[in-house]
Amino acid sequence: MDLVTPGIGLVFWTALTFLILLFILRKFAWKPILGAVSEREDSIKDALTEAEKAREEMQHLKSDNERILKEARAERDTMLKEAREIKDNMINEAKEEAREQANKMIEQAKTTIENEKLAAITDLKNQVADLSIDIAEKVVKKELSTKEKQLELVEDMLGDIKLN
Amino acid sequence: MQINIFRIFLLGLLLTVNLNGFAITGEENPTSEDEKFDPKEMIMHHVKDAHGFHLWDWKGHAVSLPLPIILLTDNGITTFMSSAFHHDDNGKVVVEKNGEKFVKYHEKIYQLNEGATAVEFDEEHHPVNASKPLNFSITRNVFMMWVSVAVLLLIFVSAARRYKKSENYVPKGIASFVEPLVVFVRDEIAKPMIGEHKYKRYMPYLLTIFFFIWINNIFGLIPIVNGANLSGNIAFTMTLAIFTFIITTISGNKNYWKHIFWMPGVPVPMKIFLMPIEIIGMFTKPISLMIRLFANITAGHIIILALMSLIFIFKTVAVAPVSVAFSLFITIIEIVVTAIQAYIFTILSALYFGMATEEEHH
């Protein structure tokens with residue numbers, strides 16, 4: 001029966017000791033330990049969220065980069081294409097122009113040749129005419145060097161007129 | 001450095017398991033041949049509290065550490081050292097102090113009535129001419145309790161200081177040993193039983209009670225201190241259970257009291273029927289805490305001592321190997337029990353706090 005009868009002395013000392021122990025440990029042990037533990041847990045949690053955020057941002061940046069690169073590549077392609085088109089156009093235009101120029105020149109040359117030819121022909125004609133006149137003159141001079149011949153001619157001519 | 005001290009402490013704990021047998025046998029050595037060995041008396045002597053700290057016997061004389069005896073008599077407080085009784089426990093030595101006469105009989109202090117010079121007993125060995133003054137003595141258990149407090153403070157305050165010193169609150173040294181235990185109490189006991197939002201208020205109490213019970217359970221297993229059986233003493237467990245009861249009752253919210261006096265969700269006759277049951281339940285919870293810890297720890301001590309007593313009952317050394325082996329086995333189980341009982345007391349306290357603060361949910 002003694003065993004299950006609580007003694008007042010031990011109850012008193014246990015209560016007193018426990019309360020003092022609770023007070024001291026709360027102030028000097030549990031508060032700093034629990035505070036430190038929770039602070040560390042918070043900082044770990046923060047660090048993890050931060051890392052996650054950074055990772056996401058990285059992903060974002062990467063996809064952005066990829067997008068920009070893609071865009072740049074497309075732009076380069078279009079630019080190249082445009083340049084090629086421009087080049088082709090220019091070449092074509094130049095060719096066209098050259099052809100036109102050439103044609104023009106040929107045309108001009110032809111005209112010039114024609115003109116020259118005409119001039120030459122005219123000149124030749126004139127010279128031939130002059131020559132003919134000269135010859136005729138000479139022939140006439142020679143033919144009509146005598147009186148009889150002059151008369152004969154006149155006769156002829158008069159005869160022609162009559163015939164007409 | 002601190003880790004090493006702790007390792008030595010743990011090693012010592014393990015070694016003392018083996019010494020258990022020696023401590024008890026040493027105790028019983030002076031028993032003379034004709035005097036019959038009484039295992040019950042020996043066991044009860046070990047399990048119960050005592051004035052003075054009996055360490056060992058040396059050449060027929062008991063060597064003990066005297067402890068102060070503090071008595072509250074009609075004339076006020078009377079104090080003297082337990083050594084004044086000269087190891088007498090049969091009421092033969094009368095100590096006179098301030099005109100009051102005291103005797104010690106079976107670890108109880110009696111004050112002799114006026115005029116009496118020696119204590120007289122009736123047939124049932126109850127003193128007839130003496131009264132029992134209120135006894136606030138620093139007994140063996142109180143002394144060991146203070147030793148355990150000193151150890152607790154040494155461990156935990158120095159562990160807490162480690163956090164201030166080290167950067168980033170990384171635990172070092174003894175803090176790395178203490179922290180998992182503290183986190184265990186927080187994450188496995190307080191949080192699931194009380195809930196995320198309210199557990200913080202109860203943490204200091206739960207931590208203190210857990211480590212206080214645990215370390216005293218462990219101290220009870222150390223034979224060199226003659227098995228000071230503090231956590232197996234009903235006064236100790238009752239005090240702690242009363243603390244749990246007081247905290248539960250104080251923190252009880254509207255929902256808690258409603259569940260006791262007017263159980264929601266059941267018909268009215270049932271409400272009336274449940275009310276007395278719930279009111280009794282309020283008290284049976286701490287009472288079960290008190291009895292569970294007391295009975296578990298005391299039973300462990302009794303088993304170990306009973307196994308060792310077999311040697312003296314059979315009066316042969318041949319039993320010794322069996323006794324030692326069995327008591328070693330039980331002691332190892334008891335080491336586990338020290339932690340389990342501390343854990344159970346704490347988790348049930350937390351559960352009661354959780355019930356008291358639980359919010360109404362639909």
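**Chain B, with one patch on chain A**

Colleague: Does B:Phe219 count as buried or exposed?
Modeller: In this structure, which is a predicted model, B:Phe219 has a relative accessibility of 6%. The limit for a buried residue is under 20%, and therefore B:Phe219 at 6% counts as buried.

Colleague: In which helix of chain B is B:Phe219 placed, and how far is its C-alpha atom from that of B:Leu230?
Modeller: The helix that holds B:Phe219 is H5 of chain B, which covers residues 199-221. B:Leu230 is 11 residues away along the chain, and the separation of the two C-alpha atoms comes to 8.4 Å.

Colleague: How does B:Ile246 stand in terms of accessibility, and which helix holds this residue?
Modeller: B:Ile246 belongs to helix H6 of chain B, residues 234-251. Its relative accessible area is 38%, and since exposed begins over 50% and buried lies under 20%, B:Ile246 is described as partly exposed.

Colleague: What distance separates the C-alpha atoms of B:Ile246 and B:Pro286?
Modeller: Along the chain these two residues are 40 positions apart. In space, the distance between the C-alpha atoms of B:Ile246 and B:Pro286 is 9.6 Å.

Colleague: Turning to the whole chain, what share of the residues of chain B is buried?
Modeller: Chain B contains 9 helices and 9 strands, and 59% of its contacts with a separation of 6 or more are between residues 24 or more positions apart. Its accessible surface is about 18500 Å², with 66% of that belonging to carbon and sulfur atoms. Out of the 362 residues of chain B, the share counted as buried is 48%.

Colleague: How far apart are the centres of the two domains of chain B?
Modeller: Domain 1 of chain B runs over residues 68-137, while domain 2 takes in residues 141-357. Taken over C-alpha atoms, the centres of these domains are separated by 34 Å.

Colleague: Which residue in S2(B) is the bridge partner of B:Phe53?
Modeller: Strand S1 of chain B, residues 53-58, pairs with strand S2 of chain B, residues 61-65, in the antiparallel sense over 5 bridges. The hairpin of these strands has 2 residues between them, and there B:Lys59 takes a positive phi near 50°. In S2(B), the partner of B:Phe53 is B:Leu65.

Colleague: Which strands stand at the edges of the open sheet of 3 strands in chain B?
Modeller: The order of this sheet is S4-S3-S9, with antiparallel pairing. A strand with a single partner strand has one side left without a neighbour in the sheet, so the edges are strands S4 (76-81) and S9 (134-135) of chain B.

Colleague: Which residue of S9(B) is the bridge partner of B:Leu72?
Modeller: Strand S3 of chain B, residues 68-73, runs antiparallel to S9(B) and is joined to S9(B) by 2 bridges. In S9(B), the bridge partner of B:Leu72 is B:Leu134.

Colleague: What is the phi of B:Lys315?
Modeller: B:Lys315 sits in the loop between helix H8 (268-314) and helix H9 (320-357) of chain B, and is exposed, with a relative accessible area of 66%. Although B:Lys315 is not a glycine, its phi is positive, at about 50°.

Colleague: On chain A, how much accessible area do the residues of the nonpolar surface patch have together?
Modeller: One of the patch residues, A:Ile161, lies in helix H2 of chain A, residues 147-163, and counts as exposed at 57% relative accessibility. Together A:Leu153, A:Val154, A:Met157, A:Leu158 and A:Ile161 have an accessible area of about 460 Å².

Key:
Residues are numbered from 1 along each chain as its sequence is written. Chains are lettered from A and ligands numbered from 1 in the order in which they are written. This is a predicted model: local features need pLDDT of at least 70, side-chain atom pairs count only at pLDDT 80 or more; totals for chains, interfaces and linings use all residues. Side-chain values use heavy atoms; hydrogens and water are left out. Helices (H or I, at least four residues) and strands (E, at least two) are DSSP runs, numbered from the N terminus. Buried means under 20% relative accessible area, exposed over 50%, partly exposed in between (1.4 Å probe, protein chains only). Contact means heavy atoms within 4.5 Å. Accessible areas come from the Shrake-Rupley method with a 1.4 Å probe; for residues, only the protein chains shown count as cover. Patches are made of residues with over 30% relative accessible area and no salt bridge: like charges are joined within 9 Å, nonpolar side chains (Val, Leu, Ile, Met, Phe, Trp, Tyr) within 5 Å. A salt bridge is a side-chain nitrogen of Lys or Arg within 4 Å of a carboxyl oxygen of Asp or Glu. Domain bounds come from an automatic or database domain assignment. Two strands pair if DSSP finds at least two bridges between them.
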